[in-house]
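Me: Please take a close look at the empty spaces in this protein, its pockets and cavities. Start with how the domains are arranged, then go through the spaces one by one.

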Amino acid sequence: MNSLLVKNIIVDGKLSSIYCEDGHIAEIGVEKDADEVFDGQGCIAHPPFLNSHTHASMTLFRGNGDDLPLMEWLQTRVWPYEKQISFDEIYWGGKLAMVEMIRSGITFFADMYWNFHAVAKGVEEMGMRACLSAVFIDFDNAEVARQQKEANERLLHESKEYSNCISFAVGPHAIYTVNQDSFRWAAEFTREHDLILHTHLSETGHEVKECLEKHGCTPVEYLESLGCISNRFMAAHTVHLTEKDIRILGENRVMCMHNPVSNMKLAVGGVYPYRKLKAAGAIPSIATDGAGSNNNLDILEEMKIAALLQKHHDNDPTSLSAKEAVEMATIHPAGFFNLDCGTIHKGGLADFILINSGHAEMNPMFDLNSHLVYAANSQVVDSVVCDGKLLMRHRTIEGEEEIIAKANEASASMYKRIDG
Ligand SMILES: [Zn+2]
């Protein structure tokens, strides 16, 4: 039995403590003997943040391929390198991302990348939770598609070797990189095994135009016709949507991930229709996307930019409130992934973070949501607990220096090997 007592913290406005046992919150406000006792130094306990769409290992590409359109960026600065990227490079790039995410209070992320095991190994070592998909791209080549299906079948089986902090999802990249038959297969395979299906959808006007020309319908209608859309379906971006698309996504309780920084950086020519998606019944979340198109994984920054973008776009300061922004990075994705960490309560997962309200920008304190979204940066995240274990203690993460050094080496060796 593993136990942790975090004392001297504010829970629901009162000085209190949280006692964790075997990965769950066993007591709030009751101090018991524990394997480890941690002094929270008056910090505020808060539910952890969940990053619902990223490509963690793309930290290796950070800052090398900026200021380009999406397709040119992918074709010249990403795919040629990803074709030859090694296990170790993905592993160290992933761990660098995990350090960065933990530092901004993220305990869980939904990833799409090339080597499931390289990222899964890192997740277990860092003590986080993740829903990992091995990206599926076939470029409409039947032989590649066959290999990808086989790889996913094998990975589902192999994913069971890991702890229950890791779940497997199927991640067909997008409708322009994955053929119709593969999407149909992904729909059936995920239905049969009750898995999440994670893709990029309706990100640019070009994607929609091409789909209309090729299939005579929008990307959302196209994936619906292939059986992909259900309450296990999660779609990144969902920027260019028709009223009918929004109805389909809402009726099926699809999680639609808002990635405002990536969208603006790549100038996708539209804005995620937050209010309409929410009103239709879709599950809105906020995510960073990968470091190649962001270029950081700071969820506090992402919440601020999401709120500002929606207000500016709707010409309405009441659009996407601070409370809603926090919910989009906590309770909404927690519900979608069936993780009992959207609020701090007895019996829930022992996943929470400590916020240091002593920073100048956190004072005076009228409303914590307001400060987290509009005033703070991730420096205010003091400590992070996941599965009853401390991943960050007063801003210190074990092994951080080595991870940064190894990730730098991995990035340099990747570019050297491929560029010559
Ligand atoms: Zn993405």
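Reply: In this predicted model, the centres of domain 1 and domain 2 lie 29 Å apart, taken over C-alpha atoms. Domain 1 is built from two stretches, 3-47 + 348-395, and domain 2 runs over 49-336. Where they meet, domain 1 puts 22 residues into the contact and domain 2 puts in 25 residues.

Now the second largest pocket, which belongs with the domains. Its volume is about 450 Å³. The lining counts 18 residues, and Asp12, Ala45, His46, Pro47 and Asn369 are the closest to the centre. Four elements give two or more residues each to this lining: β1 (3-11), β5 (44-46), α12 (322-328) and α14 (368-375). Domain 1 and domain 2 both supply lining residues, so the second largest pocket lies between them. By class, its lining has nine nonpolar, six polar and three charged residues.

Next, the largest pocket. It holds about 540 Å³ of space. Its lining takes in 25 residues, with Asn164, Ile166, Ser167, Phe168 and Phe337 nearest the centre. Two strands, β8 (129-136) and β9 (166-172), are the elements that give two or more residues to it. The class count for the largest pocket is 14 nonpolar, seven polar and four charged residues.

Then the closed spaces. Rolling a probe the size of a water molecule over the atoms shows where empty space is left. Counting cavities of 30 Å³ or more gives two.

The largest cavity has about 230 Å³ of space. It is lined by 24 residues, and the closest to its centre are His55, Met58, Leu74, His173 and His200. Helix α1 (70-82) and strand β7 (106-113) are the elements that give two or more residues to this lining. Of the elements, α1 gives the most, with six residues. The lining of the largest cavity divides into 13 nonpolar, eight polar and three charged residues.

The second largest cavity has a volume of about 40 Å³. Its lining can be listed in full: Gly65, Asp66, Asp67, Leu68, Trp73, Lys265, Leu266, Gly292 and Ser293. The classes here come out as three nonpolar, three polar and three charged. The charged members are Asp66, Asp67 and Lys265. Leu68, Trp73 and Leu266 are the nonpolar ones. Gly65, Gly292 and Ser293 count as polar.

Last, the frame around these spaces. The protein has 15 helices and 16 strands. Its radius of gyration is 21 Å, close to the 22 Å that the globule rule gives for 420 residues, so the protein is as compact as a globular protein of that length. The C-alpha trace spans about 60 × 50 × 40 Å along the principal axes. Of the 420 residues, 60% count as buried; the cut-off for buried is under 20% relative accessible area. Contacts also reach far along the chain. Among those with a separation of 6 or more, 72% join residues 24 or more positions apart.

To place the spaces again: the second largest pocket sits between domain 1 and domain 2. Asn164, Ile166, Ser167, Phe168 and Phe337 mark the centre of the largest pocket. For the largest cavity, look to His55, Met58, Leu74, His173 and His200.

Note on methods:
Residues numbered from 1 in each chain as written. Predicted model: local features only at pLDDT ≥ 70, side-chain atom pairs only at ≥ 80, totals over all residues. Heavy atoms only, no water. 1 Å grid on protein atoms, 1.4 Å probe; cavity = no way out; pocket = protein on both sides within 12 Å on 5 of 7 lines; lining within 4 Å. Points joined across faces, edges and corners; volume = space filled by probe spheres on them. Domains from an automatic or database assignment. Rg over C-alpha atoms; globule rule 2.2 N^0.38 Å. Buried < 20%, exposed > 50% of the residue type's maximum accessible area, 1.4 Å probe, protein only. Contact = heavy atoms within 4.5 Å.
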